[in-house]
Amino acid sequence: MGKTILIICDGLRNDTAAQQMGFMEHLVETRRGTRFTARTTLPTVSKTSYETLHTGLDAIDHGITGNFVTRPSSSPNLFKLASQYGLSTAASAYYWFFELYVGLTYDPTLNSEHDNLDTPIQRGIFYKADSMPDDEVFARGANLASVKQPDYLLIHVMGLDHASHMSGSDSAHYRNQAIHQDQLLAQFVPDWTEMGYTVILTSDHGHTTDKQHGGTGEEVRNVPLYIVPSDGNGLGETGETVSHLSVAPTICQIMKLPIPATMAAPVLKFSMTSAASGNSYSVGPNSVAPIGMFPDSFSGVAVPADGSVRSQCSLSDLGDLNTRSISTN
Ligand SMILES: [Zn+2]
């Protein structure tokens, strides 16, 4: 394990994935992959959730509290962490990711194709139209994976969110778009695991029959979380509900990156060989994972028990350290 592709299927409900995504469920049924139900944080809106997935923080802590907040990420995040530890990053994604992690106002004339090794997203192909075909976004992601071979690659498709805003989540339009995305995944995921990638798929939020999201109902808070390890040794359907806050520290663990203290939720166990600090997560008023200190700049090294943490950066590059330790039971 090491290299990771995170796929965010924007607006994908948990029940829709279970019923319509036959290829992804095939990976679960044959235990090539692992499936959780993921509980999103609040509010269930896109930009907030993008930042939560990349920082392991709740909205009130990372500050991207809604879609109208336009400032870049100021918290320890996967792109910045990977870059600082000498890993390569790339994205085929909506332009909000450019604004969050490159840190500039998006100008399609200048930024739709991005290549700058000095920015947290080093290479990217970005789009602005919600109607952007998923086929094109996956194809561009596949191109980045094959040609640039980044250590961390984000692929973010908007087709399901767009379908439900148009037709609602109880519609043939929405369900058929889920089937279409699943067929694209069937085309690409086997190649990516063959290339050594662990593939993680989740959504930023679900969707309602009112063609919207943002509230607290089960249909918007519950989304799928599939993890397909590169060695094909998944755990199948776990039956567990886990927090979205666990995605970022789990990706750090896969990529052998230090886990910042701000990523305090449990690392998920998703294969017979993956280390984890426990998947237990109870849904309720006391279910919010404790967060660590919230440093001005993230830094530091949490050393796994096998001592395999990345060491491309010297500690002096990172300033004051504040990271967490993890167990490997
Ligand atoms: Zn969204």
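Reader: Which residues touch the most other members of the largest nonpolar core, and which helix gives the most to this core?
Author: Within the 77 residues of the largest nonpolar core, the members touching the most others are Ile 5, Ile 7, Ala 82, Phe 97, Leu 153, Val 199 and Ile 251; such a core is a set of buried Ala, Val, Leu, Ile, Met, Phe, Trp, Tyr and Cys residues joined through C-beta atoms within 7 Å, buried being 20 or more other C-beta atoms within 10 Å of a residue's own, with C-beta atoms placed from the backbone. The greatest contribution, six residues, comes from residues 172-194, a helix (a DSSP run of H or I, at least four residues; strands are E, at least two; both are numbered from the N terminus), namely H10. This is a predicted model, in which local features need pLDDT of at least 70 and side-chain atom pairs count only at pLDDT 80 or more, while totals for chains, interfaces and linings use all residues. Residues are numbered from 1 along each chain as its sequence is written, and the helix asked for is H10.

Reader: In S8, what is the bridge partner of Ile 200?
Author: Ile 200 points one way from strand S7 together with Thr 198 and Thr 202, Val 199 and Leu 201 point the other way, and all are buried. S7 joins S8 (residues 222-228) in the antiparallel sense over four bridges, where pairing requires at least two DSSP bridges. In S8, the partner of Ile 200 is Ile 227.

Reader: At roughly what angle do the axes of H8 and H10 cross?
Author: H8 and H10 are roughly parallel to each other, a label for angles under 35 degrees. Their axes (lines fitted to C-alpha atoms over the stretch in contact, with angles from 0 to 180 degrees between N-to-C directions) come within 10 Å and cross at roughly 5 degrees.

Note on methods:
Buried ≥ 20, exposed ≤ 12 C-beta atoms within 10 Å, placed from the backbone. Parallel < 35°, antiparallel > 145°, perpendicular 65-115°, else oblique.
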